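Got the viewer open? Here is a walk through some spots in this model worth clicking on.

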Amino acid sequence: MKSIILQQAGGLEALRVQEYPDIKPMPGMITIDVAYVGIGYVDVLLRRGFGPIVPFPITPGLEVSGYVREIGEGVEGFYIGQPVAAMTLSTFGGYASIVQSRPEFTIPLDQAGAEMDMATAAAVLVNLTTAYIACKQVAKVQPGDQVLIHGAVGGLGSYLGQVAKWLGAGSVFGTVGHPDKIRHAAKFGYDELFVRSDFVNQIQQVTKEQGVHVVFDPVGGEMRKQSLDVLRPFGQLVIVGNASGQADVAQSSNELWIRNKTVAGFALGEYSRFAPEEVGKAARESLQLIAKHGIHTEISGIYPLEKASEAHALLEAGNTIGKLLLQM
């Protein structure tokens, strides 16, 4: 099998493909012949050694699509050759021609409710499941809510806006890092997109100084404090990432108390350790949004495993719309 194993934190040069012995499924697990791998910014952070994610050596990649290769002892409900999408949330491991997956996080594509191609399945799984849980269970978006999403046309942001709309949000606004990305607003369900550098004034204007009910932030940095300024009383800032890679921003709990604001966090990987069945159920329901409700998926580029470094370079430069994939 082919795989990229990071021995330690490093630059793009660390993404080297090598041959390794084929893996066999452990009891209670499934192995998958990989067709596509979704590339997320968490893979970039992992390569850089950002934060206490997992110890090295490690293979990046949290989501794949492909076909069931072997079924481990004790696993039921799957068959050899079955088309599936899977999340490798606890172990990573996606940048490989064969991966091992827990059955809770493996979704049969022939039971998704409509035909779904392998590329789309790999592109949506982690980000759409994250958006689904963040909007529905963490923020509890209600009909008529006004919602703001940073990184609005990125891999996660492109789904946060659409899921918020599906839940009935009245207005969904987004911020982007460059004006060229504003033209993509309509396809992702946004009412308006703003350049991030001046979003506070723009949100206050468009909401007539009332502010929004929810802000979703997958970007991080000083913008998190500014996001509190555009929340109305009882509004909630939901932190779902740190794509900027900037240092953590301290927040006064007394200020939250006095201003009637709330800050919440959601990380799919950590939640999956606590509630694997709930995460698996959300992943299945998320794929049904693609099949039944027309959630739009944008794939910016598909690269062979050997060119993973090119995809990482694009992500680091912020030059992507939607999702990047690796193809085996």
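## Odd backbone spots

Start with K208, which is exposed at a relative accessible area of 70%. This is a predicted model, so keep that in mind as you look around. K208 sits in the loop between α4 (199–206) and β11 (212–217), and its phi is positive, about 55 degrees, although it is not a glycine. E209 lies in the loop between α4 and β11 too. E209 has a positive phi of about 70 degrees, again without being a glycine, and it is exposed, with a relative accessible area of 57%. Why flag these? Most residues other than glycine have a negative phi, and most peptide bonds are trans.

That brings up the peptide bond from F56 to P57, which is cis, with omega near -5 degrees. You'll find P57 in the loop between α1 and β4. One more positive phi, about 70 degrees, turns up at G318, just after α9.

## Two domains and the big core

How is the chain divided up? The domain assignment gives domain 1 (2–126 + 276–327) and domain 2 (142–266). Their centres, taken over C-alpha atoms, are 27 Å apart. Where the two touch, domain 1 puts in 16 residues and domain 2 puts in 15 residues.

The largest nonpolar core has 92 residues, and M87, Y95, L160 and F216 have the most contacts inside it. Helix α2 (residues 118–138) supplies the largest share, 14 residues. Each of domain 1 and domain 2 gives this core at least three residues. As background, nonpolar side chains tend to be buried together in soluble globular proteins.

For a close-up, click on L160. Leaving out residues up to four places away in sequence, L160 touches A131, A134, C135, I149, F216 and V240. There is also a second, separate core of 15 residues, with I203, V212, V215 and L237 among them.

## Strand β3 and its partners

Now over to β3 (30–39). Nine of the ten residues in β3 are buried, so the strand is mostly covered. Which strands does β3 pair with? With strand β4 (residues 63–71), β3 makes an antiparallel pairing over eight bridges. With β6, the pairing is antiparallel as well, over four bridges. Four bridges also join β3 to β15, and those two run antiparallel.

A few residues help you find the register. I30 has I71 as its bridge partner in β4, and I30 stands opposite S101 in β6. On the β15 pairing, V37 is opposite L326.

Close by in the sequence of strands is S97, in the loop between β5 (83–87) and β6 (98–101). Is S97 buried or exposed? At 18% relative accessibility, S97 counts as buried, because the cut-off is under 20%. Beyond its neighbours within four places in sequence, S97 contacts M1, K2, I32, D33, V34 and M328.

## One side of helix α9

In helix α9 (residues 308–317), the buried residues include A308, A311, H312 and L315. They cover an arc of only 100 degrees around the axis, so they are on the same side of α9. Residues three or four places apart in an α-helix point the same way, because there are 3.6 residues a turn.

What covers the buried residues of α9? The cover includes β1 (2–4), β3 (30–39), α1 (41–48), β14 (299–304) and β15 (323–327).

## An aromatic cluster

The model has four aromatic pairs. F266 and Y271 make an edge-to-face pair, 5.9 Å centre to centre with 65 degrees between the planes. Y271 and F274 make a tilted pair, 6.3 Å centre to centre with 35 degrees between the planes. Y271 and F274 are three residues apart in helix α7 (residues 268–274), so about one helical turn separates them.

F266, Y271 and F274 form one aromatic cluster, and its members differ in cover. F266 counts as buried at 9% relative accessibility. Y271 is partly exposed, with a relative accessible area of 22%, and F274 is exposed at 71%.

Methods: Residues numbered from 1 in each chain as written. Predicted model: local features only at pLDDT ≥ 70, side-chain atom pairs only at ≥ 80, totals over all residues. Heavy atoms only, no water. Core = buried A, V, L, I, M, F, W, Y, C linked by side-chain atoms within 4.5 Å. Buried < 20%, exposed > 50% of the residue type's maximum accessible area, 1.4 Å probe, protein only. Domains from an automatic or database assignment. Contact = heavy atoms within 4.5 Å. Phe/Tyr/Trp six-rings, centres within 6.5 Å; stacked < 30°, edge-to-face > 60°. Arc of directions from axis to C-beta. Pairing = 2+ DSSP bridges.
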